[in-house]
Amino acid sequence: MTTFLLLHGFQNHRPPGHWHHWLAGRLAERGHEVRYPQLPEPDAPVLDDWLAALREHLEPPADGGFVVVAHSLSVLLWLHAATRTPDDLPVDRVLLVAPPSPAVTASIPEIAGFAEGLDLSVVRLKAPARLVYAAGDPYCPEGADVPYGIPLGLDSDLVPGGGHLTPDSGYGEWPSVLRWCEDPATRVGPR
């Protein structure tokens, strides 16, 4: 059995139509432990509050693997956590999906604090990480490989025409993410 920690993004109240919600259900049906917390104040997040909530859910399982699946603003949360406490992130692998670009993040007052102080040159991801991003993402118009994938040396999957990889762009059910969760050698592609 593997434990999965699903971390949502800005203004996400874990709606049933989101691929995270769908993924949580499928993983639980397969006998995995799923942690899918509502992070504090998703409409006006505070980085330190989200970091504290993350620490609460990072207790490693007694046995089996531990995998994080972060979407959107939670990718920046994970990168801040890796910068501040890389040895305290007891996970086996991480999927980083559709992070907003630093410039876009800084331009949105409610989340600008997540862009401050994030120095990718000092980020050390102890666990293997895969970046999944889409062409046409309004929150990262340059493509997430530019600010994140290349500087961090991440394995990356580009999803054609996926927007921000949310229900608005057709991402409710997303079987290729489920396949990656069960087999990390699998590439993540369109629905």
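Which residues lie nearest the centre of the largest cavity? They are W78, L89, L125, K126 and A127, out of 10 residues that line the largest cavity. Keep in mind that you're looking at a predicted model. Its backbone story centres on an open sheet of 6 strands with parallel pairing, and there's also a pocket with a volume of about 410 Å³ to explore.

**The sheet, strand by strand**

- Reading across the open sheet, the 6 strands come in the order 2-1-3-4-5-6, and the pairing is parallel.
- Strand 2 (33-35) and strand 6 (155-159) sit at the edges with a single partner strand each, so one side of each has no neighbour in the sheet.
- On average, neighbouring strands of this sheet are turned by 15° against each other, direction ignored.
- What holds strands like these side by side? In general, strands of a sheet pair through backbone hydrogen bonds, and the pairing can be parallel or antiparallel.
- Strand 1 (residues 3-7) meets strand 3 (residues 66-71) in the parallel sense, over 5 bridges.
- To find that pairing on screen, look for T3 opposite F66 in strand 3, and then for F4, whose bridge partner in strand 3 is V67.
- Strand 3 is also joined to strand 4 by 5 bridges, again running parallel, and here V67 stands opposite R93 in strand 4.
- Next along, strand 4 and strand 5 pair in the parallel sense over 4 bridges, with V94 opposite A129 in strand 5.

**What's buried in the middle**

- Why call strand 3 largely enclosed by the rest of the structure? Because 6 of its 6 residues are buried, and buried means under 20% relative accessible area.
- Both faces of strand 3 are covered, with F66, V68 and A70 buried on one side and V67, V69 and H71 buried on the other.
- Strand 5 is mostly covered too, with 6 of its 6 residues buried.
- In strand 5, A129, L131 and Y133 point one way, while R130, V132 and A134 point the other way, and all of them are buried.

**Helices packed against the strands**

- Helix 3 (residues 73-84) lies across strand 1, strand 3 and strand 4 (93-97), and it runs at about 130° to strand 3.
- Helix 6 (residues 175-182) has these buried residues: S176, V177, L178, W180 and C181.
- The cover over those buried residues of helix 6 includes strand 1, helix 1 (19-29), strand 3, strand 4 and strand 5 (129-134).

**One residue to zoom in on: L96**

- You'll find L96 in strand 4.
- Is L96 buried or exposed? L96 is buried, because its relative accessible area is 1%, and the cut-off for buried is under 20%.
- Beyond its neighbours within four places in sequence, L96 is in contact with A70, V75, W78, A129, R130, L131, V132 and L154.
- The C-alpha atoms of L96 and G149 are separated by 9.9 Å, although these residues are 53 residues apart along the chain.

**Empty space: a pocket and a cavity**

- The largest pocket has a volume of about 410 Å³.
- Of the 18 residues lining the largest pocket, F10, Q11, Y139, H164 and T166 are the closest to its centre.
- The lining of the largest pocket is a mix: 8 nonpolar, 9 polar and 1 charged.
- How many cavities of 30 Å³ or more turn up in a search of the whole structure? The search finds 1.
- The largest cavity has a volume of about 60 Å³.
- Its lining has 8 nonpolar residues, no polar ones and 2 charged ones.

**Backbone oddities in a loop**

- As background, most residues other than glycine have a negative phi.
- Q11 has a phi near 60°, a positive value in a residue other than glycine.
- Q11 belongs to the loop between strand 1 and helix 1, and it counts as partly exposed because its relative accessibility is 47%.
- R14 isn't a glycine either, yet R14 has a positive phi of about 55°.
- R14 is in the loop between strand 1 and helix 1, and at 29% relative accessibility R14 counts as partly exposed.

Notes: Residues are numbered from 1 along each chain as its sequence is written. This is a predicted model: local features need pLDDT of at least 70, side-chain atom pairs count only at pLDDT 80 or more; totals for chains, interfaces and linings use all residues. Side-chain values use heavy atoms; hydrogens and water are left out. On a 1 Å grid over the protein atoms alone, a cavity is a set of points where a 1.4 Å probe fits but cannot get out, and a pocket is an open set with protein on both sides within 12 Å along at least five of seven lines; lining residues have an atom within 4 Å of a point. Grid points are joined across faces, edges and corners, and a volume is the space filled by probe spheres set on the points. Ala, Val, Leu, Ile, Met, Phe, Trp, Tyr, Cys and Pro count as nonpolar, Asp, Glu, Lys and Arg as charged, and the others, Gly among them, as polar. Two strands pair if DSSP finds at least two bridges between them. Helices (H or I, at least four residues) and strands (E, at least two) are DSSP runs, numbered from the N terminus. Axes are lines fitted to C-alpha atoms, for helices over the stretch in contact, and angles run from 0 to 180 degrees between N-to-C directions. Contact means heavy atoms within 4.5 Å. Buried means under 20% relative accessible area, exposed over 50%, partly exposed in between (1.4 Å probe, protein chains only).
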